[in-house]
Amino acid sequence: MSEHIVEIAVFTVLFAAVSGMGFVAARWRRPDDLASLHEWGLGGRKFGSWVTWFLVGGDLYTAYTFVAVPALLFGAGATGFFALPYTIVVYPLVFLVLIRLWSVAHTHGMVTPADFVRARFGSPTLALLIAITGLAATMPYIALQLVGIEAVLKTMGVTGDLPLIIAFAILAAYTYQSGLRAPALIAFVKDSLIYIVIIIAIVYIPARLGGWGTVFDAARAKFEASPAPGDGWLLNSGNQLQYVTLALGSAMALFLYPHSVTGVLAARSRGVVKRNMAALPAYSLLLGLIALLGYMAIAAGIKPITTDGKTDVNTVVPLLFDTMFPDWLAGVAYAAIGIGALVPAAIMSIAAANLFTRNIYKEYIRPGASDAQEAAVSKVTSLVVKVGAVAVILLIDPQFSIDLQLIGGVIILQTLPAVALGLFTRWFHRAGLIAGWAAGMTAGMVMLYNIANPAIKHEHFGGSAFPLAKLGLDTKVTVYAGFLALAVNLAVAAAGTLIARAAKAAEGVDATRRDDYFADEGDPRVHDIELSGSH
Amino acid sequence: MTTPPSDQRPGRSDRSRWNWLLLLPVVIPLIPALYNHENPRLLGFPLFYWLQLAFIVLGVGCTAIVYRMGSRGGRDGR
């Protein structure tokens, strides 16, 4: 531990400074009071282009991404690079979707995706399913942020659970106090640190290793020597479709996550959202370059840390920094990853808390709750969510959260017909959407259950690449399970809609109007939707 | 879907021919045949890696044009 003393000191100082900012954030752009979800949970809905860029960027590109994607390239090669097309495709894909969501949410005071579904389809049941799906997909994602911090702490030789608990306790305290303003302010520091570290890394490390050509050749040599069929420094005929469907499926899922929606709804205007769709790919460049740290680790001969016979491949990036950088710079890099975990963890816990408050507490437990009561419930729920995340990581194998996160991506995709398509059309019947959701969830689970991965000793839930051979096709081609599940979902939703119409089942009242989808800053607000109203 | 009477300016819309431009950066990065090769290399990067990084420019360009053209025409549509 003593040889890491400089790293630990730099890490601690930066971490403490940022935590201080988190508490001060409550006074940033001083609201009259924080006692409503619009203030505590959405930062007053007034963030401009720059704040939104840092906030959403810090939210989507998490510490786990920065640790796990290079680890994936380190282990499997080209197939891990899907993260790049994924984050290129996503912004043009959701451009027109998000501005409609922003407008309708702005008009009706909606805070969560389930709020929208509730108003659009007049179905508390469908809204509840959307909310539960969002909660189930977000919780393991929060836990995974701890895995990022853990990898850094492990590399610095810091062991035991206490440092992790302290870090999350601090995070919980300032999120409770400042709400969304805390991660918004901290995101500036986090992203600046990450940009600096990565720019230094991609210039300095390849130069020390003998150039980019050497780095790629080392990766090629590793994968040519490996017997595993799925790896390689280019794609093969079996995994190309998986690469494409995983990139597209992940892109479609990204802005269905409640925490992504939270970041978007906090923007001041439609223009802010649009400008960010063009500017956020700057982070994709960063992500692409960070991914290649995995190949640099191969070229540098990094061996991931093994404890109790278990290899933690997530430690390759911290180890690479430890080997290549002077101690103080490695400390800065570790702080960037550690703080990088706090921003998304805070936003995710706020989003999860808002879902609970709006779509479960206010809908089913206390329909007459005031703004102040809503904010109070959300604040407490955000604490509960974080305690749960820490407990999951400490008491259960972290691999379990990784598996859950994998499932999370597949299930959140099942909210696409109601949320994303619902923004464009009211054609689907609420009964059809519920049936489609159930079918998609079931299909997704069955497929994931049947995916084995010998590398991590999993007979089930071993990954997201579903072999088409399991459907009786004579092929080695694999496809992203979430993508197939969504196809099932859509087919059942369409069939269910036709059946419901034929049976003359009640449609439910659409509380939104056409113009609501184009409203912009300065337009009159309709006021909060009446959640306990029409059925 | 019915359109109820509105007290706001009529005819607001996101429709624009320029929106079709958004299809390019969605479709092109999803065609592995374009980039799943080693050569030509650029600065030591195999084609697979540098071309996909270059697609970021395509994405930013197309999205920025759609944003510009959308806001230039104002709220009255086209």
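**Figure 1. Surroundings of A:Asp231 in the predicted model.** A polar contact of 2.5 Å connects the side chain of A:Asp231 with that of A:Ser226, in a model that is predicted throughout. A:Asp231 belongs to the loop that runs between α10 (212-225) and α11 (240-254) of chain A. Although A:Asp231 is buried, it takes part in no salt bridge, and the nearest side chain of opposite charge, that of A:Lys222, is 7.2 Å away; because a salt bridge requires a side-chain nitrogen of Lys or Arg within 4 Å of a carboxyl oxygen of Asp or Glu, a distance of 7.2 Å does not qualify. When residues up to four places away in sequence are left aside, A:Asp231 touches A:Gly75, A:Ala76, A:Phe223, A:Ser226 and A:Asn236, so that A:Ser226 appears both in this set of contacts and as the partner in the polar contact.

**Figure 2. The salt bridge between A:Arg270 and B:Asp14.** The side chains of A:Arg270 and B:Asp14 meet in a salt bridge, with a distance of 2.3 Å from N to O. This pair crosses between chains, with A:Arg270 placed in helix α13 (residues 270-279) of chain A and B:Asp14 in the segment before α1 (23-27) of chain B. A:Arg270 counts as buried because its relative accessibility, 6%, is under 20%, and B:Asp14, with a relative accessible area of 17%, is likewise buried. Over all chains, the count of salt bridges comes to 16.

**Figure 3. A:Glu507 and its two arginine partners, A:Arg426 and A:Arg501****.** A:Glu507 forms a salt bridge with A:Arg426, in which the closest N and O atoms are 3.9 Å apart. The pair links distant parts of the chain, since A:Glu507 is in the segment after α22 (481-502) of chain A, whereas A:Arg426 is in the loop between α20 (416-419) and α21 (430-449) of chain A, 81 residues apart. A salt bridge also joins A:Glu507 to A:Arg501, and here the closest N and O atoms are 2.4 Å apart. A:Glu507 is partly exposed, with a relative accessible area of 30%, and A:Arg501, at 29% relative accessibility, also counts as partly exposed, whereas A:Arg426, at 13%, counts as buried.

**Figure 4. The interface of chain A and chain B.** In this view 48 residues of chain A are in contact with 39 residues of chain B. The area buried between the two chains is about 3900 Å², of which carbon and sulfur atoms give 67%. Between chain A and chain B the count is 3 salt bridges, and 8 residue pairs in polar contact, with both residues at pLDDT 80 or more, are found across the interface. On the side of chain A that touches chain B, α5 (83-108), α10, α11, α13 and α14 (281-291) each supply at least two residues, and the largest share, 10 residues, comes from α5(A).

**Figure 5. A network of salt bridges that includes residues of both chains****.** A:Asp217, A:Arg220, A:Glu224, B:Glu38 and B:Arg41 are linked in a network of salt bridges. Within this group, B:Arg41 forms a salt bridge with A:Asp217, the closest N and O atoms being 2.9 Å apart. Chain B, which contributes B:Glu38 and B:Arg41 to the network, contains 3 helices and 0 strands and follows the pattern α-α-α along its sequence. Buried residues make up 40% of the 78 residues in chain B. Among the contacts in chain B with a separation of 6 or more, 51% are between residues 24 or more positions apart.

**Figure 6. The largest nonpolar core and the contacts of A:Phe255****.** The largest nonpolar core holds 204 residues, of which A:Phe255, A:Tyr295, A:Phe321 and B:Tyr49 touch the most other members. Helix α17 (residues 327-365) of chain A gives the most to this core, with 20 residues. Not counting residues up to four places away in sequence, A:Phe255 touches A:Leu60, A:Val90, A:Tyr91, A:Val94, A:Leu98, A:Ser260, A:Val261, A:Val264 and A:Met277.

**Figure 7. The position of A:Lys303.** A:Lys303 is found in the loop between α15 (293-299) and β1 (305-307) of chain A, and its relative accessible area of 65% makes this residue exposed. The C-alpha atoms of A:Lys303 and A:Ala169, residues that are 134 positions apart along the chain, are separated by 32 Å.

Notes: Residues are numbered from 1 along each chain as its sequence is written. Chains are lettered from A and ligands numbered from 1 in the order in which they are written. This is a predicted model: local features need pLDDT of at least 70, side-chain atom pairs count only at pLDDT 80 or more; totals for chains, interfaces and linings use all residues. Side-chain values use heavy atoms; hydrogens and water are left out. Helices (H or I, at least four residues) and strands (E, at least two) are DSSP runs, numbered from the N terminus. Buried means under 20% relative accessible area, exposed over 50%, partly exposed in between (1.4 Å probe, protein chains only). Lys and Arg count as positive and Asp and Glu as negative; His and the chain ends are not counted. A polar contact is a pair of N or O atoms within 3.5 Å; within protein, one must be able to donate a hydrogen and the other to accept it, and residues adjacent in sequence count only if both atoms are side-chain atoms. Contact means heavy atoms within 4.5 Å. A nonpolar core is a set of buried Ala, Val, Leu, Ile, Met, Phe, Trp, Tyr and Cys residues joined through side-chain atoms within 4.5 Å. Buried area is the accessible area (1.4 Å probe) that two parts lose on being put together, summed over both.
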